[in-house]
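Biologist: I am new to this kind of picture and would like to learn how to read it. Could you walk me through it?

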Protein chains: 2
Amino acid sequence: MNIKEVSERSNLPAKTIRYYEEIGLIRPKRAENGYRAFRESDLHKLAFLGRARELGFSIEDCRTLMALYEDETRESAHVRSVAEEHLGAIDAKIAQLQSMRKTLAHLVHCCAGDNRPDCPILEDLATHGPAQPEQAAR
Amino acid sequence: MNIKEVSERSNLPAKTIRYYEEIGLIRPKRAENGYRAFRESDLHKLAFLGRARELGFSIEDCRTLMALYEDETRESAHVRSVAEEHLGAIDAKIAQLQSMRKTLAHLVHCCAGDNRPDCPILEDLATHGPAQPEQAAR
DNA sequence: ATTGACCTTCCCGTGACTGGAACCATTATC
DNA sequence: GATAATGGTTCCAGTCACGGGAAGGTCAAT
């Protein structure tokens, strides 16, 4: 298989597939003309990677998960802990976005949105400076 | 004011302040020794920027918002539209994260997390390839 | 005279790609 | 056989919003 077919069957851009090879996530063979020669197993790995990326795992997480996938002696606890950590990060991100959303929605609601210059959004920005970083918990 | 005082009073790292000057968001004067000489107005702008960044506005949005802030003839509708667009992006991001979260939480819940290799998380990754990109709406 | 704290610029690295240039290989068409 | 279209290759640069660190100048205090 050449890269285009793999790209279509994995729903990953060819650029991404080359990048994954560059960083060692896949190791397709080469044909005599220098073209990458993908096997079904490469395609399978790419689908795995695509799904993991879709769930928001970092490339490094993907590397770990692939290694676990290929390790018959893995413990599911290991996989689960990777997923749990990622889940925690997602939750933190959601909370942060919801906090932004709340403030922003309020400001947008308060803004007349007409041809006059008065604007509570700008007033907020001008008066509520950035928050002090919290003292890190020990 | 030198950069350290401004950094402390604005709660922005000195690196960030220099960066904001580099990209033209602020234009502090210079003392004879080459040090940046910040005025209160620079500090005010930095606080404005810090707050806008805290609400997730991009640097380009910040540039627009600052320009509107300084434009006495602005229309609040303009400010509001910038904020609404950003709000929409936040909502989209939240929805995407919640979708990930849902799938991931389910998988984590299903995974025994013990010393055996069987793992529904890896099974999902191996079998549910990446989604086809939706046909873009016209 | 020498610390030490502060300031400066400059360059590299981040994550996960994307775009584009320049060039080689294969296949189809005239 | 010449040409064009399509596909492949590598390499370089750019994205976003900074952060780290080196090399060196300035200032206040000891």
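**Reading a protein around DNA**

Biologist: Which residues come closest to DNA strand D?

Modeller: In this predicted model, 19 residues surround DNA strand D, and the closest are A:Lys4, A:Arg36, B:Lys15, B:Tyr20 and B:Arg53.

Biologist: And which parts of DNA strand D lie within 4 Å of the protein?

Modeller: Sort the DNA atoms by where they belong. Sugar or phosphate holds 69% of the atoms of DNA strand D within 4 Å of the protein, and bases hold the rest.

Biologist: How do I read single contacts to a phosphate oxygen or a base nitrogen of DNA strand D?

Modeller: Look for pairs of N or O atoms within 3.5 Å. On the phosphate side, B:Tyr20 has a side-chain N or O atom 2.5 Å from a phosphate oxygen of DNA strand D, and a polar side-chain atom of A:Arg30 lies 3.2 Å from a phosphate oxygen of that strand. On the base side, an N or O atom in the side chain of A:Tyr35 is 3.1 Å from a base nitrogen of DNA strand D.

Biologist: Which elements give two or more residues to the surface near DNA strand D?

Modeller: They are helix 1 (3–10) and helix 2 (14–22) of chain A, along with helix 2 (14–22) of chain B. Helix 2 of chain B gives the most, with four residues. By class, this surface near DNA strand D has seven nonpolar, five polar and seven charged residues.

Biologist: Now for DNA strand C: which residues come nearest?

Modeller: Of the 19 residues around DNA strand C, the nearest are A:Lys15, A:Thr16, A:Tyr20, A:Arg53 and B:Arg36. Sugar and phosphate make up 71% of the atoms of DNA strand C that come within 4 Å of the protein. A polar side-chain atom of A:Tyr20 is 2.6 Å from a phosphate oxygen of DNA strand C, while A:Ile59 uses a polar backbone atom, 3.4 Å from a phosphate oxygen of this strand. Helix 2 of chain A gives the most to the surface near DNA strand C, with four residues.

Biologist: How are the two copies, chain A and chain B, related?

Modeller: Try laying one copy on the other. A turn of 180° with a shift of 0.0 Å along the axis places chain B on chain A with an RMSD of 0.1 Å. The two copies are therefore related as by a two-fold rotation axis. In chain B, the C-alpha nearest that axis belongs to B:Ile94, 2.9 Å away.

Biologist: Why do we say that the copies meet through the same surface?

Modeller: Because 100% of the interface residues of chain B are also interface residues in chain A.

Key. Residues numbered from 1 in each chain as written. Chains lettered and ligands numbered in written order. Predicted model: local features only at pLDDT ≥ 70, side-chain atom pairs only at ≥ 80, totals over all residues. Heavy atoms only, no water. Near = heavy atom within 4 Å. Polar contact = N/O pair within 3.5 Å; in protein donor to acceptor, adjacent residues only side chain to side chain. Nonpolar A, V, L, I, M, F, W, Y, C, P; charged D, E, K, R; others polar. Least-squares fit on C-alpha atoms with pLDDT ≥ 70 in both. Contact = heavy atoms within 4.5 Å.
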